[in-house]
Amino acid sequence: MKKDNKMLVESRLFNFIDSKNGFALSFLDGSKVINDLAIIHDVKNEGFLFFRDATLSSLQLLNYLKPGESMGFFVDSDNPYFRFKLELNSSGFMRTLLLPENFDELPKIFSGKVRIVKMFPNKATPYQSILEAKAKNFNDVVNDILKDSYQLKSIVTLSEESDQSYMLSKLPDINVDKEKVEDGISLDEYQKNIQDKLSELFKKATSEPEEITKTISDLGLSFLSSKDITFKCNCSRERMLGGILSLTGNHSIEDIFDGKDSLEAKCDYCKTTYLITKDEIKGV
């Protein structure tokens, strides 16, 4: 549901740790980000609910970006057909889209290719990983990425009452004090112990940092840090010109402009429109 942006604080990701039992919890309040997406994109009805769920799940990957790193998370689903893209960086800036915009389904599972592209500072070549998703939901996909790339067992849970999610992860022994770890508690058992309080937090739909931090700290987890998450698109006129120029390798300028003197190039992420003239392209 769209709200007045003046009433919303920036979305924020909160991180906590239970060193004694060896668990980490990441709580995402994505209220403003989801509201921004509702304003920017024309995805409606069940399609937007799916867009929301996919975004709240995949934004949890921000936890595993080191300073200066950025990531692209791309899903090309064949059944049902859709394209989901999320780009984010360690500073908390993100942009995302769901195509086609008339997508009006809320699929519980999908099948297709999932691509992770991770960019590192001072390295020209990014790391790329391609996964096959067969009858998976977004939570499963995120958990598979963490299991395969970071050797973490995790559970992502979405709220039905608010635009929030949390991810609970069992830490490898190397990250915790082995003398203090209590043997025998599993990821599922730990979640059962805390899920009632977290469900209550979801129902409150609060974005107040103090209330979120206190509620989770009262469960026995220590607050580590928090980070704002903001929708920010890095499109520009120069990038749009470059995109059109790339078409001239296979198409004539007359074909690209369809006999007109100018065209409008629209960014799929933020919907900003750039007027590009034929003379500009010829001049370059």
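Let's start inside the fold. The buried residues of helix α4 pack against four strands and a helix: β1 (11-18), β2 (23-29), β8 (153-158), β9 (164-170) and α5 (209-217). Keep in mind that this is a predicted model.

Which residues of α4 are buried? Leu 187, Tyr 190, Gln 191, Ile 194, Leu 198, Leu 201 and Phe 202. The helix itself covers residues 187-204, so to speak of its length: 18 residues, and 25 Å from the first C-alpha to the last. At 1.5 Å a residue you would expect 26 Å, and the helix comes close to that. Still, α4 has a kink of about 50°. Where is the kink centred? On Gln 195. Then look just past the end of the helix. There, Ala 205 takes a positive phi of about 55°.

Now step back to the whole chain. There are 284 residues, and 46% of them are buried. The secondary structure comes to eight helices and twelve strands. Along its principal axes, the C-alpha trace spans about 70 × 40 × 35 Å. Take the contacts with a separation of 6 or more. Of these, 65% are between residues 24 or more positions apart.

A word on the surface. The chain exposes about 15100 Å². Carbon and sulfur atoms supply 48% of that area. On charge, we have 38 positive and 45 negative side chains. How far apart are the centres of the two sets? They lie 2 Å apart.

Next, the backbone. Two peptide bonds to proline are worth finding on the screen. One joins Asn 79 and Pro 80; that bond is cis, with omega about -5°. Pro 80 sits in the loop between β3 (70-79) and β4 (81-89). The other runs from Leu 99 to Pro 100, and it is cis too, with omega near -5°. Pro 100 is in the loop between β5 (93-99) and β6 (110-119).

On to positive phi angles. Gln 151 is not a glycine, yet its phi is positive, about 55°. Find Gln 151 in the loop between α3 (138-150) and β8. Is Gln 151 buried or exposed? Its relative accessibility is 55%, so Gln 151 counts as exposed; the cut-off is over 50%.

Asp 258 is another non-glycine with a positive phi, about 50° here. Asp 258 lies in the loop between α7 (253-257) and β11 (262-266). With a relative accessible area of 61%, Asp 258 is exposed.

Last stop, Ala 54. This residue belongs to helix α2, residues 45-58. Is Ala 54 buried or exposed? Buried: its relative accessible area is 1%, and the limit for buried is under 20%. What does Ala 54 touch, leaving out residues up to four places away in sequence? Phe 84 and Phe 138. Phe 84 falls within β4 (81-89), and Phe 138 starts α3 (138-150). For a sense of distance, take Ala 54 and Glu 238. They are 184 residues apart along the chain, and their C-alpha atoms are separated by 30 Å.

To recap, go back to α4. Its kink of about 50° is centred on Gln 195. Its buried residues, including Ile 194 and Leu 198, pack against strands such as β1 and β9, and against helix α5. That's the tour.

Key. Residues numbered from 1 in each chain as written. Predicted model: local features only at pLDDT ≥ 70, side-chain atom pairs only at ≥ 80, totals over all residues. Heavy atoms only, no water. Helix = DSSP H or I, 4+ residues; strand = E, 2+ residues; numbered from the N terminus. Buried < 20%, exposed > 50% of the residue type's maximum accessible area, 1.4 Å probe, protein only. Contact = heavy atoms within 4.5 Å. Areas by Shrake-Rupley, 256 points an atom, 1.4 Å probe, with all protein chains shown as cover. Lys, Arg positive; Asp, Glu negative; His and termini not counted. Charge placed at Lys NZ, Arg CZ, Asp CG, Glu CD. Expected span 1.5 Å × (residues − 1). Bend = angle between axes of the 7 residues up to and from the residue.
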